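Q: Please take a close look at the helix that is largely enclosed by the rest of the structure. Which residues of that helix are buried, and what do they pack against?

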Amino acid sequence: MILTEDSNAGHEMYQAIFLDTKIPCDSAEGKSNIAKYILANKSKQIFAIVDGAAFGADMQGVVHALEMNPGSHIWTPESFEYLLLQSGIVQAQNLKGILESPVDFIESGEYTSWERFFTCLLEDLTKNTVYAYSKRKLNPNYLTKGNIDKMKKLMPDVGLFTQKKESRMEKCAVKESPPVNNSEITRKYTHGR
């Protein structure tokens, strides 16, 4: 089973990613509920996906839950927005440099967390484009087969995509949206670096 910390944009993407598998995707309805969910479902193998940039306070409880459910795992990428930026769906000048060394670009007085920084960066880069990003509801242009495949490539190889059933995505004729290329916005975040 796939478990996400939220029920918004990230959860929507992971549901789409695992649509072709027999693996259900559920939401814990908040990062503080991950440990409780794993403990309440000890008979299931759970692959929990959380925003690592904002998960520190909840890690001890999750480590304990994983010890009680040894078949389960947790993946802690910086944030869902970080993964979208890293996937190649959105393109911008110096974006690669920002993602490789975020500490050089994040002003602690301006952003409360790295997750917030990546969210603001993604929102700014995609504003007024076909990929306009909202944390509450994922823009359907992110859910094309090509974009889902880009996101899959970022996931750890723990055998999640080996059990396939007939793809519903292949039945749909979905037109790929062009990648966003907005170099003006990244200049704002690089401060001339």
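A: The answer below begins with the chain as a whole and then turns to the helix and its surroundings.

This is a predicted model, in which local features need pLDDT of at least 70 and side-chain atom pairs count only at pLDDT 80 or more, while totals for chains, interfaces and linings use all residues. Residues are numbered from 1 along each chain as its sequence is written, and side-chain values use heavy atoms, with hydrogens and water left out.

The protein chain holds eight helices and six strands; helices (H or I, at least four residues) and strands (E, at least two) are DSSP runs, numbered from the N terminus. Along the sequence, their order is β-α-β-α-β-α-β-α-β-α-α-α-β-α. Of the 193 residues of the protein chain, 46% count as buried. Here buried means under 20% relative accessible area, exposed over 50%, and partly exposed in between, with a 1.4 Å probe and protein chains only. Contact means heavy atoms within 4.5 Å. Among contacts in the protein chain with a separation of 6 or more, 74% are made by residues 24 or more positions apart.

The helix in question is α1 (9-17). Eight of the nine residues of α1 are buried, so the helix is largely enclosed by the rest of the structure. The buried residues are Ala-9, Gly-10, His-11, Glu-12, Met-13, Tyr-14, Ala-16 and Ile-17. They pack against four strands, β1 (2-4), β2 (25-27), β3 (47-49) and β4 (73-75), and against the helices α4 and α7.

The packing can also be viewed from the side of α7 (145-154). In α7, the residues Asn-147, Ile-148, Met-151 and Lys-152 are buried. These residues lie on the same side of α7, because they cover an arc of only 145 degrees around the axis, the arc being that of the directions from the helix axis to the C-beta atoms. An α-helix has 3.6 residues a turn, so residues three or four places apart point the same way. The cover over the buried residues of α7 includes α1 and α4 (80-86).

A residue of a loop also reaches α1. Leu-138 is found in the loop between α6 and α7, and it counts as buried because its relative accessibility is 2%. Leu-138 and Ala-9 are 129 residues apart in sequence, yet their C-alpha atoms are 4.5 Å apart in space. Not counting residues up to four places away in sequence, Leu-138 touches Ala-9, Glu-12, Met-13, Phe-80, Tyr-133 and Leu-143. Tyr-133 is also in contact with Thr-126, a residue of helix α6 that counts as buried because its relative accessibility is 0%. Leaving aside neighbours within four places in sequence, the other contacts of Thr-126 are with Val-90, Tyr-131, Ala-132 and Tyr-142.

The surroundings of α1 also include empty space. A search of the whole structure finds two cavities of 30 Å³ or more. On a 1 Å grid over the protein atoms alone, a cavity is a set of points where a 1.4 Å probe fits but cannot get out, and lining residues have an atom within 4 Å of a point. Grid points are joined across faces, edges and corners, and a volume is the space filled by probe spheres set on the points.

The largest cavity holds about 80 Å³ of space. Its lining consists of Thr-4, Glu-5, Asp-6, Gly-10, His-11, Tyr-14, Ile-49, Val-50, Asp-51 and Phe-80. With three residues, α1 gives the most to this lining. By class, the lining has four nonpolar, three polar and three charged residues, where Ala, Val, Leu, Ile, Met, Phe, Trp, Tyr, Cys and Pro count as nonpolar, Asp, Glu, Lys and Arg as charged, and the others, Gly among them, as polar.

The second largest cavity holds about 40 Å³ of space. Asp-6, Asn-8, Ala-9, Gly-10, Asp-51, Phe-80, Glu-81, Tyr-133 and Lys-135 line the second largest cavity. The elements that give two or more residues to this lining are α1 and α4. Its classes are three nonpolar, two polar and four charged residues.

In summary, α1 is largely enclosed, because eight of its nine residues are buried; its buried residues pack against strands as well as α4 and α7.

Key: 1 Å grid on protein atoms, 1.4 Å probe; cavity = no way out; pocket = protein on both sides within 12 Å on 5 of 7 lines; lining within 4 Å.
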